[in-house]
Amino acid sequence: MADTNPITTIEEDTCWGYLASQEVGRLATAKEGQPEIFPINYCVDGQSVVFRTASGSKLQELTDNEHVAFEVDGWDEEGGWSVVIKGNAAEITDERELALADKMPLRPWVPTVKRHYVRITPDEITGRGFTFGPEPKA
């Protein structure tokens with residue numbers, strides 16, 4: 001019986017499909033050389049990711065260091081997947097883009113005012129698929 005690799009590479013187009021299938025991901029930033037991770041709800045917009053945020057630590061960290069990572073995953077009984085974007089995040093300030101972003105289904109989870117839209121533009125997108133199963137015998 002041939003061994004099969006339980007970890008596979010996901011093609012970029014399929015990565016975008018997986019990203020579009022979810023609503024929640026994790027944004028990784030760095031503050032003073034230390035990693036920070038924030039759960040965010042988001043939308044895929046073309047080949048970028050858009051989310052809303054309030055004034056505060058997340059927005060300040062993106063102003064100080066625009067380089068971010070963004071990760072989304074999913075699974076069922078048979079396997080799972082993970083997609084990671086590495087790129088740049090920038091607040092959307094163009095009036096036309098803001099009007100379009102305001103029509104996206106991005107609503108705050110908690111009763112807070114989130115007036116800032118941020119776009120993550122990838123430099124790199126990678127994905128891996130996983131087939132679940134028992135640990136093999138050595």
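Buried, in this talk, means under 20% relative accessible area. Exposed means over 50%, and partly exposed is what falls in between. Keep that cut-off in mind for the cysteines. One caution before we start: this is a predicted model.

So, the cysteines. C43 has a relative accessible area of 12%, so C43 is buried. C15 sits at 0% relative accessibility and therefore counts as buried too. How many disulfides does the structure hold? Zero. C15 is in no disulfide, and the nearest cysteine sulfur, that of C43, is 18 Å away. Seen from the other end, C43 is in no disulfide either, with the sulfur of C15 as its nearest, at 18 Å. A disulfide is a covalent bond between the sulfur atoms of two cysteines. The cut-off here is a pair of sulfur atoms within 2.5 Å.

Now the overall layout. The protein has three helices and eight strands. Along the sequence the pattern reads β-α-β-β-β-β-α-β-β-α-β. The C-alpha trace spans about 60 × 35 × 30 Å along its principal axes. There are 138 residues, and buried ones make up 35% of them. Take the contacts between residues at least 6 apart in sequence: 69% of these join residues at least 24 apart.

The surface next. About 9,200 Å² is exposed, and carbon and sulfur atoms supply 51% of that. On charge, count 13 positive and 24 negative side chains. The centres of the two sets lie 7 Å apart.

On to the interior. The largest nonpolar core has 22 residues. Which residues have the most contacts inside it? They are L19, F51, F70, I85 and I120. Several elements give two or more residues to this core: the helices α1 (12-20) and α2 (57-64), and the strands β3 (34-41), β5 (49-53), β6 (67-75), β7 (79-91) and β8 (116-131). The largest share, four residues, comes from β7.

Look at I85 in particular. Leave aside the neighbours within four places in sequence. I85 is then in contact with W16, L19, V49, V68, A69, F70, I120, P122, E124 and I125. Among those partners, L19, F70 and I120 are also on the list of residues with the most contacts in the core. Apart from this core lies another, of seven residues. C43, I92, A101 and Y117 are among them.

A few single residues now. First, T29, in strand β2 (residues 24-31). Is T29 buried or exposed? Its relative accessible area is 6%, so T29 is buried. Beyond four places in sequence, T29 is in contact with Q34, P35, E36, F38, E61, L62 and V68.

Next, E32, in the loop between β2 and β3. E32 is not a glycine, yet its phi is positive, about 50°. At 75% relative accessibility, E32 counts as exposed.

Then R52, in strand β5. Buried or exposed, for this arginine? R52 is buried, because its relative accessible area is 16%. What does R52 touch, beyond four places in sequence? The contacts are L106, R107, P108, K114, H116 and Y117. That last one, Y117, belongs to the seven-residue core. For a distance, take R52 and K137: they are 85 residues apart along the chain, and their C-alpha atoms are separated by 47 Å.

S21 is in the loop between α1 and β2. At 46% relative accessibility, S21 counts as partly exposed. How far apart are S21 and G74 in space? C-alpha to C-alpha, 9.2 Å, with their positions 53 residues apart in sequence as the separation.

Last, T131, in strand β8. T131 counts as exposed, at 53% relative accessibility. Beyond four places in sequence, its contacts are P6, E78 and G79. The C-alpha atoms of T131 and A90 are separated by 35 Å, and the two residues are 41 apart along the chain.

To recap. The predicted model has a nonpolar core of 22 residues and another of seven. The structure holds zero disulfides. Happy to go back to any residue.

How values were computed: Residues are numbered from 1 along each chain as its sequence is written. This is a predicted model: local features need pLDDT of at least 70, side-chain atom pairs count only at pLDDT 80 or more; totals for chains, interfaces and linings use all residues. Side-chain values use heavy atoms; hydrogens and water are left out. A nonpolar core is a set of buried Ala, Val, Leu, Ile, Met, Phe, Trp, Tyr and Cys residues joined through side-chain atoms within 4.5 Å. Buried means under 20% relative accessible area, exposed over 50%, partly exposed in between (1.4 Å probe, protein chains only). Contact means heavy atoms within 4.5 Å. Accessible areas come from the Shrake-Rupley method with a 1.4 Å probe; for residues, only the protein chains shown count as cover. Lys and Arg count as positive and Asp and Glu as negative; His and the chain ends are not counted. The place of a charge is taken as NZ of Lys, CZ of Arg, CG of Asp or CD of Glu.
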